[in-house]
Amino acid sequence: MRIDKFLWCVRLFKTRSLATEAIKREQVKLNDRLVKASAEVKPGDTVALREPPIWRSWTILAIPASRVGAKLVPTLMQEQTSF
């Protein structure tokens with residue numbers, strides 16, 4: 001699944017276009033690398049999102065078929081951010 005679609009499916013962004021814009025502004029990393037919106041994600045990958053002044057990161061546990069409800073998000077990814 002494309003990273004922009006994944007970020008929208010797990011409700012990190014309200015729309016897919018907002019996710020794409022964040023990727024273009026270099027606010028999203030996949031496995032510690034800046035990527036394009038077309039980058040493919042798979043279980044085991046790490047996604048980081050810049051929320052100034054920190055980078056929040058998650059490990060992908062599973063790929064959803066489509067956008068999921070907020071209660072199901074913890075089954076798809078696990079937060080790794082240390083505060």
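Two bridges join strand S1 (residues 28-30) to strand S2, and these two strands run antiparallel. This is a feature of a predicted model. Within the S1-S2 pairing, Lys29 stands opposite Leu34, a residue of S2.

Strand S1 also pairs with strand S3 (residues 46-51), to which 3 bridges join S1, again in the antiparallel sense. Here Val28 of S1 has Leu49 in S3 opposite.

Strand S3 in turn pairs with strand S4 (residues 54-60); this pairing is antiparallel and covers 6 bridges. In it, Val47 has Trp58 of S4 as its bridge partner.

The three pairings described so far are listed below.

| Pairing | Bridges | Sense | Residues opposite each other |
|---|---|---|---|
| S1 and S2 | 2 bridges | antiparallel | Lys29 and Leu34 |
| S1 and S3 | 3 bridges | antiparallel | Val28 and Leu49 |
| S3 and S4 | 6 bridges | antiparallel | Val47 and Trp58 |

These pairings belong to an open sheet of 5 strands, in the order S2-S1-S3-S4-S5, with antiparallel pairing. Which strands stand at the edges? They are S2 (33-34) and S5 (77-79); each has a single partner strand, so one side of each is left without a neighbour in the sheet. In a regular strand, side chains alternate between the two faces of the sheet.

The loops come next. Strands S3 and S4 form a hairpin, with 2 residues between them. The loop between S3 and S4 holds Pro53. What is the form of the peptide bond from Pro52 to Pro53? This bond is cis, and its omega is near 5°. Most peptide bonds are trans, and most residues other than glycine have a negative phi.

Two residues other than glycine have a positive phi here, Glu26 and Asp32. For Glu26, phi is near 60°. Glu26 lies in the loop that runs between helix H2 (16-24) and S1. For Asp32, phi is about 65°. Asp32 is found in the loop between S1 and S2.

Is Asp32 buried or exposed? The relative accessible area of Asp32 is 68%. A residue counts as exposed when this value is over 50%, and therefore Asp32 is exposed.

In short, loops with these backbone features flank strand S1: Glu26 sits in the loop between H2 and S1, and Asp32 in the loop between S1 and S2.

Methods:
Residues numbered from 1 in each chain as written. Predicted model: local features only at pLDDT ≥ 70, side-chain atom pairs only at ≥ 80, totals over all residues. Heavy atoms only, no water. Pairing = 2+ DSSP bridges. Helix = DSSP H or I, 4+ residues; strand = E, 2+ residues; numbered from the N terminus. Buried < 20%, exposed > 50% of the residue type's maximum accessible area, 1.4 Å probe, protein only.
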